[in-house]
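Colleague: I've got the file open beside me, could you walk me through it? I'll ask as we go.

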Amino acid sequence: MTTIKKAELVTLLAEAQETSKKDAEATLNTVFELFADVIISQQKGIKLGEIGTLKVDVVPERTHRNVQTGEPILKPEHYGIKFKASKPFKEELAEVAVQG
């Protein structure tokens with residue numbers, strides 16, 4: 001399984017919108033900046049159409065261990081982000097044959 005890179009996404013967007021790669025990259029950058037702004041400044045999730053939702057959660061304080069020294073380290077409460085795929089998207093993905 002591989003990950004699509006931003007440059008590939010720009011190319012796909014340019015082809016789908018019948019526009020230049022430069023314009024597609026500007027659009028994609030704007031979308032990414034808006035996502036980051038909403039998530040960081042407002043701590044709100046984002047519904048991604050029929051694909052699913054980026055959800056902001058509070059991760060509770062907990063103790064970790066330094067693997068080299070064994071010393072306990074307290075990690076304070078913080079925000080984390082999760083992706084939750086929608087049920088129709090999961091079902092559609094499950095029907096795709098595994099390649100490789």
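Modeller: One remark before anything else is that this is a predicted model. Taking the largest pocket as a starting point, its lining has five nonpolar residues, with no polar and no charged ones among them.

Colleague: OK, which residues line that largest pocket?

Modeller: The lining of the largest pocket is made up of Leu9, Phe32, Phe35, Leu48 and Ile51.

Colleague: And what volume does the largest pocket have?

Modeller: The volume of the largest pocket comes out at about 180 Å³.

Colleague: Switching to the strands, in what order do they sit in the open sheet?

Modeller: The open sheet is formed by three strands in the order β1-β2-β5, and their pairing is antiparallel. Its edge strands are β1, covering 46-48, and β5, covering 78-85, each of which pairs on one side only. From one strand to the next, the twist averages 25 degrees.

Colleague: How many bridges are there between β2 and β5?

Modeller: Strand β2, which spans residues 52-59, pairs with β5 over eight bridges in the antiparallel sense. As an example of how the residues match up, Gly52 has Ala85 in β5 as its bridge partner.

Colleague: Which helix lies across those strands?

Modeller: That is helix α2, residues 21-42, which lies across β1, β2 and β5 and runs at about 145 degrees to β1.

Colleague: Back to β5 for a moment, is Tyr79 buried or exposed?

Modeller: Tyr79, which lies in strand β5, counts as exposed because its relative accessible area is 51%, and the cut-off for that class is over 50%.

Colleague: What does Tyr79 touch, leaving out residues up to four places away in sequence?

Modeller: With those left out, Tyr79 touches Gln43, as well as Val56, Asp57, Val58 and Val59. By contrast with these contacts, Tyr79 and Asn29 are 23 Å apart in space, C-alpha to C-alpha, and 50 residues apart in sequence.

Colleague: New topic, where is Arg62?

Modeller: Arg62 belongs to strand β3, which covers residues 62-65. Arg62 is classed as exposed because it has a relative accessible area of 52%, where exposed means over 50%.

Colleague: Which residues does Arg62 touch, again not counting those up to four places away?

Modeller: On that basis, Arg62 touches Ile73, Leu74 and Lys75. As for Glu77, its C-alpha is 7.6 Å from that of Arg62, with the two residues 15 apart in sequence.

Definitions and conventions: Residues numbered from 1 in each chain as written. Predicted model: local features only at pLDDT ≥ 70, side-chain atom pairs only at ≥ 80, totals over all residues. Heavy atoms only, no water. 1 Å grid on protein atoms, 1.4 Å probe; cavity = no way out; pocket = protein on both sides within 12 Å on 5 of 7 lines; lining within 4 Å. Points joined across faces, edges and corners; volume = space filled by probe spheres on them. Nonpolar A, V, L, I, M, F, W, Y, C, P; charged D, E, K, R; others polar. Pairing = 2+ DSSP bridges. Helix = DSSP H or I, 4+ residues; strand = E, 2+ residues; numbered from the N terminus. Axes fitted to C-alpha atoms, helices over the stretch in contact; angles between N-to-C directions. Contact = heavy atoms within 4.5 Å. Buried < 20%, exposed > 50% of the residue type's maximum accessible area, 1.4 Å probe, protein only.
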